[in-house]
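Trainee: I am new to this one. Please pick a single part and take me through it closely, then show me what lies around it.

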Amino acid sequence: MPDRSPTAPPPSFVWTGRIVLTLLTVFSLLPVYVMLSSSLKPLRDVTGAFRWIPDHLTARPYVDIWRTIPLGRYFVNSIIVATAATGLSVLVATFAAYAVSRYRFRGKRVFTITVLSTQMFPGILFLLPLFLLYVGIGNTTGIALYGSRGGLILTYLTFSLPFSIWMLVGYFDSIPRGLDEAALVDGCGPLRALFRVIVPAALPGIVAVAIYAFMTAWSEVLFASVMTNDTTRTLAIGLRAYATETDVYWNQVMAASLVVSVPVVAGFLLLQRYLVAGLTAGAVK
Amino acid sequence: MSVRARTAIGAVIGATLLAVLPGCGGGTSTGDSGGNSHPKTLTYWASNQGASLEDDKAKLTPELQAFEKQTGITVKLEVVPWSDLLNRILGATSSGQGPDVLNIGNTWSASLQTTGALLPFDDQTFAKIGGKGRFQESALASTGASGKTPTAVPLYSLAYGLYYNKKMFADAGISKPPATWDELVQDGRRLTTGGRYGLAVEGANVSENVHHAFVFAKQHGADFFDASGNPTFTSPGAVEGVKQYVDFIARDKIAAAGNAEYDQNQSIQDFATGKAAMLLWQAAGPNLQKHGMKPDQYGVAPVPVQSGTPGPGQNIDSMVAGINMAVFKNSQNLDGALKFVQFMTSDAEQKKLNGAYGSIPPVKTAAQDPAFSNPELTVLRNTIATSAAPLPQVPKESQFEELVGGAIKDLLADAAAGRPVTTQSVQQRLAKAQQQM
Amino acid sequence: MTTTVHRQAPPAGREPRPARGRSGLFHFIPERVRRAGLPYLLLLPALFFELIVHVIPMVLGVVMSFKELTQVYIRHWWGAPWSGTGNYRVAVRFNAPIGRALLDSFLITCAFTVLAVGLCWLLGTTAAILMQDRFRGRGVLRAVFLTPYALPLYASVIVWAFMFQHDNGLVNHVLHDQLGVTGDRPFWLIGDNSFWSLLVVSVWRNWPFAFLCVMAGLQNIPRELYEASAIDGAGIWQQIRRITLPSLRSVNQVLVLVLFLWTFNDFATPFVLFGRSAPAAGDLISVHIYSASFVTWNFGTGSAMSVLMLLFLSLVTAGYLLTTNRTRKNRA
């Protein structure tokens, strides 16, 4: 771990730092606190005037959430879709970024520019065409993309692909070429050089990209609302079903969001130590 | 790029284009013509009417089982939340892959009618489900543009009523609910004291705004569309009507300024908790009770008019709210679909389902059932029968809702921020909306 | 200093050759083809997915923008009549209401994007630099900062909508009731303030992403650089200015661009916060286009508007890449 400097920074810096970090913590957690306290209130208190301390505490919403909507199913769908999309996206992006970072070939410029420009597409522009494309593919080949998890996985993995490739090219570029060149000279194949040398060295970048890919798939709303049905609906849009025609179950929305976020935050906690391992930890010298 | 890569990319593009373009790939399901090749199953998209999706499923499943017993047809049910319904219908319409039978908001009728994807209910088709005459006229009027063959049948009906808090009225010395708007404003002023308000409005809810504006405009002898379907948002009557509604916050101040940002049913909550003494709503009863208000604590009266009593023409006091049922033309079980529509609009099912959802049967004979004659539903039932009119049944209805409802939301926001709202400013705002059509 | 940190891509001639002599996974392919073909093989999956999901639908979208694609034709969109440049002319007639509204929405979006991206980057970088040194509780703090990013978007935006309520919200409770800094309770979800509430929500949701990227980028700065500069007597601010920020340049180049593109195209945040009819001050372009196409099923006009946005974003991106690349070269 690269500590910034062997000499301690001046106290003024330390104190400014503490104040800034505290403010950021408050900013980050304030809505989380509101969520938590709302999830422990009866519905009528939630919509009443705001109180820092709830007047009546109840755990009821945490029981009801499972009955108001098929939360368990939505959660499983989301986990499957997001995990598969993340895994594939990272893998595909790693290959592509390796090619771009380490090889010189005709069409490289076209490729990188095309990939980047896809980040510019407004979702609105290609939602309907993509949907029609999926239905068409289904009719022609029998591969059901519309309404299936596979279709969503394909969509989301591609959504995160451009940025993942770009980010990884940046991280790969910053790994000294001497490392993989040495491996190649030692007789490793290029793929082995990639997985044995570059991937471990670029782990923080890969983890960052994976988190990004996961979150892209985890919270996408627009495409999911057209492309899923009752059995494949994901959490991101499923949660909206707590707002029904007659009632909005605010406390349950909050409770459900917290429940489904726990595994994700836990995953972050586990992964974050890889964010700080990586290159300088041993590979350079 | 290498030649091979280029060929490969070309091949992928070619293949996928073939897949989307018609004629090459489109399987049978994208075709226009329906038939009866799958007589044993139906897919049904129900809209969310009950307290939750699961609640809807629980209410509908026994009925679907009864239908299966009767006809041998299995109905696959999916309850689609309102937030997704229109997009899902869009998907089904554009791709030809959708349900056989579905629920639609009745204000969408004319718009969906023009897509040509829904089965027209001509007299012959109506005969198959028991005839046109069984349905309430006002509900039938909201199944498609007038003069065209309807593409839906009414399933559940609703209308607006004036809900008032009996105790607050008594405390303020008001003996009966207002029958005209002047009375409502007067009563409202008396009731607006000490942090309580006379009226609660759902000011940021685009649809609610349009429903009220429509009634007010009608009462001023105006319509938002002329006979040939062109927008007339700036006619004096429409401007007057919109202003009268906005004035509840702007001039009369009988509704709280904060109401201008309500769009999550907060006005129901305000009424139920005694923060507001009156509320204009469709069948609010079950919801009020859920918020802890008892049926004897509130009264229901017809929505006020400018003068006289509610009736047809300028004394309309509600839009026809409700849900219609439609059949996709390319269903592979058309006969079964019609059987299912007939089943759902049968007297017995109408009583059960409308009873369960707190709505009024659009089927006349079913509406006579004593189950729909409690004080609240009697008012709503009479309104539907005598003094309700459908929102403009024009193909651009959704755009109208968006633009006019949005304009009113902005005007209410102006009023809430203390900016003056004048006839001129209302007219300007509506003129802008009209031009955007 | 900076040159030692920032690695330029070596000239082409020095690129490594794929393994010689050794037969790897693809031993059945002749060596020469393998060497030339390998990069393409590596790109193939990415290319395939991009074509299916991004490129082809986008081409179709562009085609749609030249059609009169209303609900009447939606069932057979390929059969919708061609409208030539009609949809575009409607969209850019800025003295007529539709074009005017689009232009207003566009300007609001630009202002919003610049502020949001700037703040996200600033907060993310500050936090990442402050947490570069190991201290007790750093791991927990990191997870705390990433939490907004992990919560489902719908729920977290709804919570903010709650907090911004006029009568019952936390924000007015604190500002008005507890601190008394505002005379009246301000409206946050309607009227002009909605711009600021949207900005706060967007920054809250997106800054953890900037934090994440910068944090990962900081890991690649060799410790020796700091040690060397400390021996030269450089203070903490000088180190940040001379070592940390220059080292982050390539990460930042991508990060800022991507944040910009996302924020500009963000649909879900304003849509959930304001509903389908956003107040003028919070009417971001994608929600605007959504109501112009999805709500009213008029996809021709909506697609034309989207294509215009795409053109604008392409110009900005091209300009951005040209400038940043030139700066990078000059500095190197």
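Mentor: What follows starts with one helix, moves out to its chain, and ends with the neighbouring chains.

First, the ground rules. This is a predicted model, in which local features need pLDDT of at least 70, side-chain atom pairs count only at pLDDT 80 or more, and totals for chains, interfaces and linings use all residues. Residues are numbered from 1 along each chain as its sequence is written, while chains are lettered from A and ligands numbered from 1 in the order in which they are written.

Our part is helix H13 of chain A, residues 250–271. Helices here are DSSP runs of H or I with at least four residues, strands are runs of E with at least two, and both are numbered from the N terminus.

Start inside chain A. Helix H3 (residues 60–68) crosses H13(A) at roughly 90°, and the two axes come within 9 Å. An axis is a line fitted to C-alpha atoms, for helices over the stretch in contact; angles run from 0 to 180 degrees between N-to-C directions. H3(A) is therefore roughly perpendicular to H13(A). The classes are these: under 35 degrees is roughly parallel, over 145 roughly antiparallel, 65 to 115 roughly perpendicular, and the rest oblique.

Now look at who touches whom. H3(A) brings Pro61(A), Tyr62(A), Asp64(A), Ile65(A) and Thr68(A). H13(A) answers with Asn251(A), Gln252(A), Ala255(A), Ala256(A) and Val259(A). Contact means that the C-beta atoms of two residues, placed from the backbone, lie within 7 Å. By class, this contact has 6 nonpolar, 3 polar and 1 charged residues. Nonpolar covers Ala, Val, Leu, Ile, Met, Phe, Trp, Tyr, Cys and Pro; charged covers Asp, Glu, Lys and Arg; the others, Gly among them, are polar.

H13(A) also packs against another chain. Its partner there is helix H5 of chain C, residues 138–150. The angle is about 140°, and the axes are 10 Å apart. That angle makes H13(A) oblique to H5(C). Their crossing is right-handed. A crossing is right-handed if the near helix is turned clockwise from the far one by less than a right angle, and left-handed if anticlockwise. On the H13(A) side sit Ser261(A), Val264(A), Val265(A), Phe268(A) and Leu269(A). They meet Ala143(C), Leu146(C), Thr147(C) and Ala150(C) of H5(C). That contact has 7 nonpolar, 2 polar and no charged residues.

Step back to the chain. Chain A has 13 helices and 0 strands. Its C-alpha atoms fill a box of roughly 70 × 70 × 30 Å along the principal axes. An unreviewed UniProt entry places "transmembrane region" at residues 12–36, 74–98, 110–133, 153–172, 193–215 and 249–271 of chain A. Such positions are given in the numbering used here, feature names are shortened, and annotations may be inferred rather than shown by experiment. Take two of these stretches. Residues 12–36 of chain A are 100% helix and 0% strand, with end C-alpha atoms 35 Å apart. Residues 110–133 of chain A are 83% helix and 0% strand, with end C-alpha atoms 24 Å apart.

Next, the whole contact between chains A and C. It takes 102 residues from chain A and 99 residues from chain C. Helix H1 (residues 11–39) gives the most on the chain A side, with 13 residues. That side has 69 nonpolar, 24 polar and 9 charged residues.

Chain C also touches chain B. Here 32 residues come from chain C and 37 residues from chain B. On the chain C side, helix H2 (31–64) and helix H4 (97–130) are the elements that give two or more residues. H2(C) supplies the largest share, 7 residues. By class, the chain C side has 22 nonpolar, 7 polar and 3 charged residues.
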